[in-house]
Amino acid sequence: MVRFPSMDDKCAVLHLSRLQLDDLNLDHLTDSKRQQIQQLHLTYNRLLLLPTSVCFLSNLEYLDISSNALTVIPDYIMRLTNLKTVVAKNNLLDESSFPKEFERMQVETLNLSGNRFGEIPVQFLKMTTLQSLSLGGNRLKNIPAEIKNLTSLELLYLGGNLISFIPPEVANLTSLRYLVLCDNRIQSIPPQLNKLHSLLSLSLHNNLLTFLPREILSLVHLQELSLRGNPLVVRFIKDMTYDPPSLMELAGRTIKSQNLPFSSCDLPSNLNHYLNLASECPNPKCAGVYFDSCVRHIKFVDFCGKYRLPLMHYLCSPQCSSPCSSNPQSDAESEDENSVPADRLQRVLLG
Amino acid sequence: MEQTELVKPDTLEDLIQTLHKLFESDSVNVEEVQSIMESYDSKPHEWMKYATFDQYRYTRNLVDEGNGKFNLMILCWGEGHGSSIHDHTDSHCFLKLLQGQLKETLFDWPDHKLQAGMLQKSQQVLLENQCAYINDSLGLHRVENVSHTETAVSLHLYSPPFQTCRTFDQRTGHHNSVKMTFWSKFGERTPYRSTASQVPVL
């Protein structure tokens, strides 16, 4: 992927970067010349506002206004009906800066890294044709569940923010190939992330992860995984806190695992609802279920014969043992059945 | 030792020719090489043809083979891209920034008896046109583009050339040998089909 702007047709690309511009007047251009311009570079100037004359470049597809002093993107940008890529890095933009109906523009690539976004603007979460969204180096405190609407998204760059939680709705982004969450405050990865079938690269370095969900093993296309700078456990933690199950849970487990027959009129609705919440124990040899009470179990899995990663899954009880080991408390355990073959996960950056 | 008349290299081609002269003999004057590399003022139009970025990881692009005495290459780092902790297989390593910035974190060799993690020794941010130097006796390092908004481009010289190095797991000090691959050579893309145990890395 070449990053330098296309030089194929000089007339279609207008370079006006590093000219100390605080405004721009394109009145001297003929109409035909204005219609020729497809790319406009206005980086490293002194613009406080998007110049109005930009909006007469009716065929503009690519606009780069990075490294200026923009606080707002005015409504008149919506006149650029052919605009597909907007790059406005290193400005002073925040969640109130964009037009209220920006989603009507059908922009495909939006790079707003290095601004002052405290949250993802509501309009962005309606951009169903958006393919690439970069909000690195902002002040985002969370990822809203509405992110699931961005079903065309292939690249999501959220590195360098204040994010502590990844909503499971991220799993809806089935076109996602590159997910960057490095340099945040993330403590856990939702297991639903294994539904990101298209994911090729996952960047998680410099967070607060102590283990990963076992489900990460099913990301079959994943080639790059960065995990450095996380407090990943290296030794099996023997003291796992375990809250014993309640009487209601024990009764529910017995009903489900013994397949005791009952009909919905036998029980009050709250208990019917409860019994439907039973989760199967992930241990394939165990037919057990659990409701609220389970134990977190960490196994170290060999990746490509090189790295041992702590992967976590829930078991229904501390007595529920893995099919592979005789002693689930063993320190030296690795799970050959589930070790990742060497041709997958080619580049796991642990340290 | 020969005295070389050294003029500040104006162009990348000048720099390459000067480096050929400096590496003619078998001994390397580290300060001289570092100074010459630093004195070349980076001009993007001179190295653009070698600078191809990959979305997911940094690329290594061979520029010159130094008559077998050294490898000169350009590395392109996207936002957030970084390397493993690695050694330099008994070779000299010079690293000059052509565009953007890179963070270099230095580590001591891990003590295998202790089986402990590796603590960083020091860190520095390399600015445009600066040139850093490292070899195995000085320790190990990790190089990263920590910017979320800017890409980085660096010029690396390794003498003698090497094709494998060791990468280290910071948590345990364990290391693996890896084969190093090129994204392109002399401006031409050179795809690498990796086999089972080989992981492309710096």
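## Predicted model of chains A and B

Chain A of this predicted model has an average pLDDT of 83. A score of at least 70 is reached by 81% of the residues. Residues 1-9 of chain A fall below 50, and this stretch has 17 contacts in the model beyond near neighbours in sequence. Residues 342-351 of chain A also stay under 50. For that stretch the model has 52 contacts beyond four places in sequence. Where pLDDT is low, the predicted coordinates should not be read in detail.

### Chain A: overall build

Chain A contains three helices and 16 strands. It has 351 residues, and 49% of them are buried. Take the contacts in chain A between residues at least 6 apart in sequence: 43% of these join residues at least 24 apart.

### Helix α2 of chain A

Helix α2 of chain A runs over residues 247-257. Its buried residues are Glu249(A), Gly252(A) and Arg253(A). These residues cover an arc of only 100° around the axis, so they sit on the same side of α2(A). What do the buried residues of α2(A) pack against? Their partners in chain A are α3 (269-275) and β13 (289-290). After α2(A) comes Asn259(A), with a positive phi near 55°.

### Nonpolar cores

In soluble globular proteins, nonpolar side chains tend to be buried together. The largest nonpolar core here has 69 residues. Which of its residues touch the most other members? They are Leu110(A), Phe124(A) and Leu179(A).

Phe124(A) shows the packing in detail. Leaving aside neighbours within four places in sequence, Phe124(A) contacts four residues named Phe or Leu between positions 98 and 112, namely Phe98(A), Phe102(A), Leu110(A) and Leu112(A). Phe124(A) is also in contact with Phe117(A), Leu133(A) and Leu150(A). A second, separate core has 27 residues, including Phe70(B), Leu98(B), Tyr133(B) and Leu155(B).

### The annotated histidines of chain B

An unreviewed UniProt entry carries the annotation "binding site" for His86(B), His88(B) and His141(B). Why can these three be said to gather at one spot? They span 56 residues in sequence, yet no two of their C-alpha atoms are more than 9.3 Å apart, so the three gather there.

His86(B) is in strand β3 (residues 85-86) of chain B. Is His86(B) buried or exposed? His86(B) counts as buried because its relative accessibility is 1%, and the cut-off for buried is under 20%.

His88(B) lies in the loop between β3 and β4 (92-99) of chain B. With a relative accessible area of 1%, His88(B) is buried too. The side chains of His86(B) and His88(B) make a polar contact at 3.4 Å. Beyond four places in sequence, His88(B) is in contact with His141(B), another of the annotated residues. The other contacts of His88(B) on that count are Cys93(B), Ile134(B), Asp136(B), Tyr158(B) and Phe162(B).

### Three serines of chain B

Ser159(B) lies in strand β9 (residues 152-159) of chain B. A relative accessible area of 6% makes Ser159(B) buried. Not counting residues up to four places away in sequence, Ser159(B) touches Phe23(B), Val28(B), Lys69(B), Phe70(B), Ser91(B) and His92(B). Among these, Phe70(B) is included in the second core.

Ser25(B) is in the loop between α1 (12-22) and α2 (30-39) of chain B. Ser25(B) is partly exposed, at 34% relative accessibility. Ser25(B) and Lys69(B) are 44 residues apart along the chain, and their C-alpha atoms are separated by 9.2 Å.

Ser39(B) belongs to helix α2 of chain B. Not counting residues up to four places away in sequence, Ser39(B) touches Lys8(B) and Pro9(B).

The side chain of each serine reaches a backbone oxygen, as tabulated below.

| Serine side chain | Backbone oxygen | Distance |
|---|---|---|
| Ser159(B) | Lys69(B) | 2.9 Å |
| Ser25(B) | Ser27(B) | 3.3 Å |
| Ser39(B) | Ile36(B) | 2.9 Å |

Lys69(B) thus appears with two of these serines: its backbone oxygen pairs with the side chain of Ser159(B), and its C-alpha atom is 9.2 Å from that of Ser25(B).

Technical notes: Residues are numbered from 1 along each chain as its sequence is written. Chains are lettered from A and ligands numbered from 1 in the order in which they are written. This is a predicted model: local features need pLDDT of at least 70, side-chain atom pairs count only at pLDDT 80 or more; totals for chains, interfaces and linings use all residues. Side-chain values use heavy atoms; hydrogens and water are left out. Buried means under 20% relative accessible area, exposed over 50%, partly exposed in between (1.4 Å probe, protein chains only). Helices (H or I, at least four residues) and strands (E, at least two) are DSSP runs, numbered from the N terminus. The arc is that of the directions from the helix axis to the C-beta atoms. Contact means heavy atoms within 4.5 Å. A nonpolar core is a set of buried Ala, Val, Leu, Ile, Met, Phe, Trp, Tyr and Cys residues joined through side-chain atoms within 4.5 Å. pLDDT is the predictor's confidence in each residue, from 0 to 100. UniProt positions are given in the numbering used here, feature names are shortened, and annotations may be inferred rather than shown by experiment. A polar contact is a pair of N or O atoms within 3.5 Å; within protein, one must be able to donate a hydrogen and the other to accept it, and residues adjacent in sequence count only if both atoms are side-chain atoms.
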